[in-house]
Amino acid sequence: MAANWKRRVSQLAFLAILGEFSFYGVFRCPFAVPYVSCGNCPVLQCPGRDLWIPVWVGLLVSGIILGRSFCGWACPGGLVSELLGKLALLKGKAKSSLEAVSKYPVVIASLLVFFVLNNPRWAIPIRTGEFFNSVSLTFEHADQLWLWRTGFILGGLAFALIIPHFWCRYLCPTGGLLELLNRISFVKYFKTSACNECDSCRKVCFTETRPAETNCVNCGDCSKMCPVDAIRPGHGEKKSEEQQARAA
């Protein structure tokens with residue numbers, strides 16, 4: 001299914017704004033947890049030195065208002081995962097029960113590393129020079145722990161070629177934090193009482209979920225595919241008694 005053109009334009013616009021910051025965070029950030037210690041970062045060329053506070057404030061505000069919409073409308077990593085997922089070998093075969101809890105150990109580990117271990121620097125940063133040459137030098141001189149951390153991120157993203165959106169659904173700590181906010185957000189896509197549980201939404205969803213359920217990123221792509229027009233944006237409504245009985 002083709003993405004809503006407005007969403008795709010939004011993704012490309014945010015890629016232009018955040019793409020370089022995202023690439024630096026994966027390939028050149030010397031810290032164990034990237035994107036959160038930018039004020040103390042010696043990689044002088046990284047745009048995160050100016051962007052990190054507005055980005056995290058924006059994430060918090062958007063999470064409270066729009067839940068995980070950042071993942072579906074703005075995240076460069078989410079765009080990469082979505083495109084890779086189009087080639088995934090195991091579409092529709094991953095167990096959704098694991099998605100509900102798998103991200104949170106990564107969230108907890110990231111918080112412990114940041115607050116308890118003071119987010120250690122595991123790489124020897126190259127402060128100046130052409131980007132790809134600097135990346136090569138960083139990999140050459142980095143601590144083994146940094147190499148494992150970076151391999152974990154790249155492997156999680158690449159695994160989208162097997163299970164769609166693997167990183168975002170199972171591992172992303174930012175997605176895990178936004179998932180918690182998604183439960184209390186003011187605006188989200190939800191199923192109305194007209195829903196007949198046909199699962200057409202899940203079949204067209206790139207994260208293989210349903211509106212307002214685990215890993216729904218409020219993309220809205222499924223809303224036009226519902227045969228009974230039961231998917232709406234808003235704060236949500238209570239399930240009908242019939243839906244509750246089916247869920248039970």
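These are my notebook entries on the helix packing, backbone and burial of a predicted model.

**Entry 1: the whole chain**

I began with the overall make-up and counted 11 helices and 2 strands in the chain. Reading from the N terminus, I noted the order α-α-α-α-α-α-α-α-α-β-α-β-α. The radius of gyration came out at 19 Å, close to the 18 Å that the globule rule gives for 248 residues, so the chain is as compact as a globular protein of that length. I also looked up the extent of the C-alpha trace, which spans about 60 × 35 × 30 Å along its principal axes.

How much of the chain is buried? I found that buried residues make up 47% of the 248 residues. Then I turned to contacts between residues at least 6 apart in sequence, and 73% of these join residues at least 24 apart.

**Entry 2: H1 against H2**

Helix H1 was my next stop, and I took its partners one at a time. With helix H2 (residues 48-66), H1 packs at an angle of about 115°, and the two axes are 10 Å apart. Angles of 65 to 115 degrees count as roughly perpendicular, and H1 and H2 are therefore roughly perpendicular to each other. I noted the crossing of H1 and H2 as left-handed.

Which residues make the contact? On the H1 side I listed Ile-17, Leu-18 and Phe-21, and on the H2 side Gly-48, Leu-51, Trp-52 and Val-55. Sorting the residues of this H1 and H2 contact gave me 6 nonpolar, 1 polar and no charged.

**Entry 3: H1 against H4**

Next I looked at H1 with helix H4 (76-85). Their axes are 8 Å apart and the packing angle is about 120°. That makes H1 oblique to H4.

From H1, I wrote down Arg-7, Arg-8, Gln-11, Leu-12, Phe-14, Leu-15, Leu-18, Gly-19 and Ser-22, which meet Pro-76, Leu-79 and Glu-82 of H4. The contact of H1 with H4 divides into 6 nonpolar, 3 polar and 3 charged residues. Leu-18 caught my eye, as this H1 residue is listed in the contact with H4 and also in the contact with H2.

**Entry 4: a look at Gln-11**

I paused on Gln-11, which lies in helix H1. Is Gln-11 buried or exposed? Its relative accessibility is 1%, so Gln-11 counts as buried. Setting aside neighbours within four places in sequence, I found Gln-11 in contact with Gly-72, Trp-73, Leu-79 and Glu-82. Leu-79 and Glu-82 are familiar from the H4 side of the packing with H1.

**Entry 5: H1 against H7**

The last partner I checked was helix H7 (residues 144-158), whose axis comes within 9 Å of the axis of H1 (residues 5-27) and crosses H1 at roughly 130°. H1 and H7 are therefore oblique to each other. Here H1 contributes Gly-25, Val-26 and Phe-27, while H7 brings Trp-146, Arg-149, Thr-150, Ile-153 and Leu-154. I sorted the residues of this H1 and H7 contact into 5 nonpolar, 2 polar and 1 charged.

**Entry 6: Val-43 in the loop**

I then moved to the loop between H1 and H2, where Val-43 is found. With a relative accessible area of 1%, Val-43 is buried. What does Val-43 touch, not counting residues up to four places away in sequence? I listed Tyr-24, Arg-28, Pro-30, Arg-49, Pro-125 and Ile-126. I also checked a separation: the C-alpha atoms of Val-43 and Gly-63 are 29 Å apart, and these residues are 20 apart along the chain.

**Entry 7: positive phi**

Most residues other than glycine have a negative phi, so I went looking for exceptions. Tyr-35 has a positive phi of about 75° although it is not a glycine. I located Tyr-35 in the loop between H1 and H2, and noted it as partly exposed at a relative accessible area of 24%.

Asp-229, also not a glycine, has a positive phi of about 55°. I placed Asp-229 in the loop between helix H10 (200-204) and strand E2 (231-234). With 44% relative accessibility, Asp-229 counts as partly exposed.

**Entry 8: Lys-86 and a distance**

I closed with Lys-86, in the loop between H4 and helix H5 (96-115). Lys-86 is partly exposed, with a relative accessible area of 43%. From Lys-86 to Arg-121, 35 residues apart along the chain, I noted a C-alpha separation of 35 Å.

Technical notes. Residues are numbered from 1 along each chain as its sequence is written. This is a predicted model: local features need pLDDT of at least 70, side-chain atom pairs count only at pLDDT 80 or more; totals for chains, interfaces and linings use all residues. Side-chain values use heavy atoms; hydrogens and water are left out. Axes are lines fitted to C-alpha atoms, for helices over the stretch in contact, and angles run from 0 to 180 degrees between N-to-C directions. Helices (H or I, at least four residues) and strands (E, at least two) are DSSP runs, numbered from the N terminus. Angles under 35 degrees count as roughly parallel, over 145 as roughly antiparallel, 65 to 115 as roughly perpendicular and the rest as oblique. Contact means heavy atoms within 4.5 Å. Ala, Val, Leu, Ile, Met, Phe, Trp, Tyr, Cys and Pro count as nonpolar, Asp, Glu, Lys and Arg as charged, and the others, Gly among them, as polar. A crossing is left-handed if the near helix is turned anticlockwise from the far one by less than a right angle, and right-handed if clockwise. Buried means under 20% relative accessible area, exposed over 50%, partly exposed in between (1.4 Å probe, protein chains only). The radius of gyration is taken over C-alpha atoms; the globule rule is 2.2 Å times the number of residues to the power 0.38.
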